[in-house]
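Work through the exercises below with the structure in view. Try each task before reading its solution.

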Amino acid sequence: MIVCLCQGVSDRDVRTAIDDGATCVGQLESRGIGGDCRGCEFALECMIDEAARAGRIQRCQACCADAALAYA
Ligand code: FES
């Protein structure tokens with residue numbers, strides 16, 4: 001399923017980026033996911049949160065602490 005229409009990125013691509021080390025939306029953006037209209041930002045946050053809750057990653061605390069609270 002396409003998650004980011006602007007960049008044509010699927011949920012599988014996002015999960016791969018997260019498994020490869022992206023722990024916040026900013027880090028996904030640096031990998032070419034999101035960052036344009038931001039319409040996918042909530043979905044990206046949810047996927048990061050899903051990975052964090054599953055213990056696959058530790059959510060970024062440096063640049064996105066406020067975002068983590070906003071989506072909690
Ligand atoms: S849908 Fe992802 S940046 Fe627009």
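Buried means under 20% relative accessible area, exposed means over 50%, and partly exposed covers what lies in between. Keep these cut-offs at hand. The model is predicted.

**Exercise 1. Get an overview**

Task: Find how many helices and strands the protein has, and give their order from the N terminus on.

Solution.
- Step 1: Count the elements. The protein has 4 helices and 2 strands.
- Step 2: Read them from the N terminus. The order is β-β-α-α-α-α.
- Step 3: Look at burial. The protein has 72 residues, and 36% of them count as buried.
- Step 4: Look at the contacts with a separation of 6 or more. Residues 24 or more positions apart make up 48% of them.

**Exercise 2. A salt bridge inside a helix**

Task: Describe the salt bridge of D11 and R15 and say where the two residues lie.

Solution.
- Step 1: Check the distance. The side chains of D11 and R15 meet at 3.2 Å, N to O. The cut-off for a salt bridge is within 4 Å.
- Step 2: Place the pair. Both residues belong to helix α1, which covers residues 11-19. They are 4 residues apart, or about one turn of the helix.
- Step 3: Classify D11. Its relative accessible area is 21%, so D11 is partly exposed.
- Step 4: Classify R15. Its relative accessibility is 29%, so R15 also counts as partly exposed.

**Exercise 3. A salt bridge between distant parts of the chain**

Task: Which parts of the chain does the pair of D19 and R56 tie together?

Solution.
- Step 1: Check the distance. The closest N and O atoms of D19 and R56 are 3.2 Å apart, in a salt bridge.
- Step 2: Place both ends. D19 lies in helix α1, while R56 lies in the loop between α3 (41-53) and α4 (65-70), so the pair ties together parts that are 37 residues apart in sequence.
- Step 3: Classify D19. At 51% relative accessibility, D19 counts as exposed.
- Step 4: Classify R56. At 41%, R56 counts as partly exposed.

**Exercise 4. R38 and its partner**

Task: Describe R38 by its salt bridge, its location and its phi angle.

Solution.
- Step 1: Find the partner. R38 forms a salt bridge with E29, and their closest N and O atoms are 2.5 Å apart.
- Step 2: Classify the two. E29 has 26% relative accessibility and counts as partly exposed. R38, at 43%, counts as partly exposed too.
- Step 3: Widen the view. Salt bridges that share partners join E45, D49, R53 and R59 into one network. The structure holds 8 salt bridges.
- Step 4: Place R38. It lies in the loop between α2 (25-29) and α3.
- Step 5: Read the backbone. Most residues other than glycine have a negative phi. Phi of R38 is near 70 degrees, a positive value in a residue other than glycine.

**Exercise 5. Two helices that cross**

Task: Describe how α1 and α3 cross, and name the residues that meet.

Solution.
- Step 1: Choose what to report. Two packed helices are described by the angle between their axes and the distance between the axes.
- Step 2: Give both values. The axes of α1 and α3 come within 10 Å and cross at roughly 50 degrees. That angle makes α1 oblique to α3.
- Step 3: Add the hand. The crossing of α1 and α3 is right-handed.
- Step 4: Name the residues. D11, V14, R15 and I18 in α1 meet L44, M47, I48, E50 and A51 in α3.
- Step 5: Sort by class. The contact of α1 with α3 has 6 nonpolar, no polar and 3 charged residues.

**Exercise 6. The surroundings of S10**

Task: Is S10 buried or exposed, and which residues does S10 contact?

Solution.
- Step 1: Place S10. It lies in strand β2, residues 9-10.
- Step 2: Apply the cut-off. Buried means under 20%. The relative accessible area of S10 is 14%, so S10 is buried.
- Step 3: List the contacts. Leaving aside its neighbours within four places in sequence, S10 is in contact with M1, I2 and V3.
- Step 4: Compare positions along the chain and in space. S10 and I33 are 23 residues apart along the chain, and their C-alpha atoms are separated by 9.4 Å.

Terms used. Residues are numbered from 1 along each chain as its sequence is written. This is a predicted model: local features need pLDDT of at least 70, side-chain atom pairs count only at pLDDT 80 or more; totals for chains, interfaces and linings use all residues. Side-chain values use heavy atoms; hydrogens and water are left out. Buried means under 20% relative accessible area, exposed over 50%, partly exposed in between (1.4 Å probe, protein chains only). Axes are lines fitted to C-alpha atoms, for helices over the stretch in contact, and angles run from 0 to 180 degrees between N-to-C directions. Angles under 35 degrees count as roughly parallel, over 145 as roughly antiparallel, 65 to 115 as roughly perpendicular and the rest as oblique. A crossing is left-handed if the near helix is turned anticlockwise from the far one by less than a right angle, and right-handed if clockwise. Contact means heavy atoms within 4.5 Å. Ala, Val, Leu, Ile, Met, Phe, Trp, Tyr, Cys and Pro count as nonpolar, Asp, Glu, Lys and Arg as charged, and the others, Gly among them, as polar.
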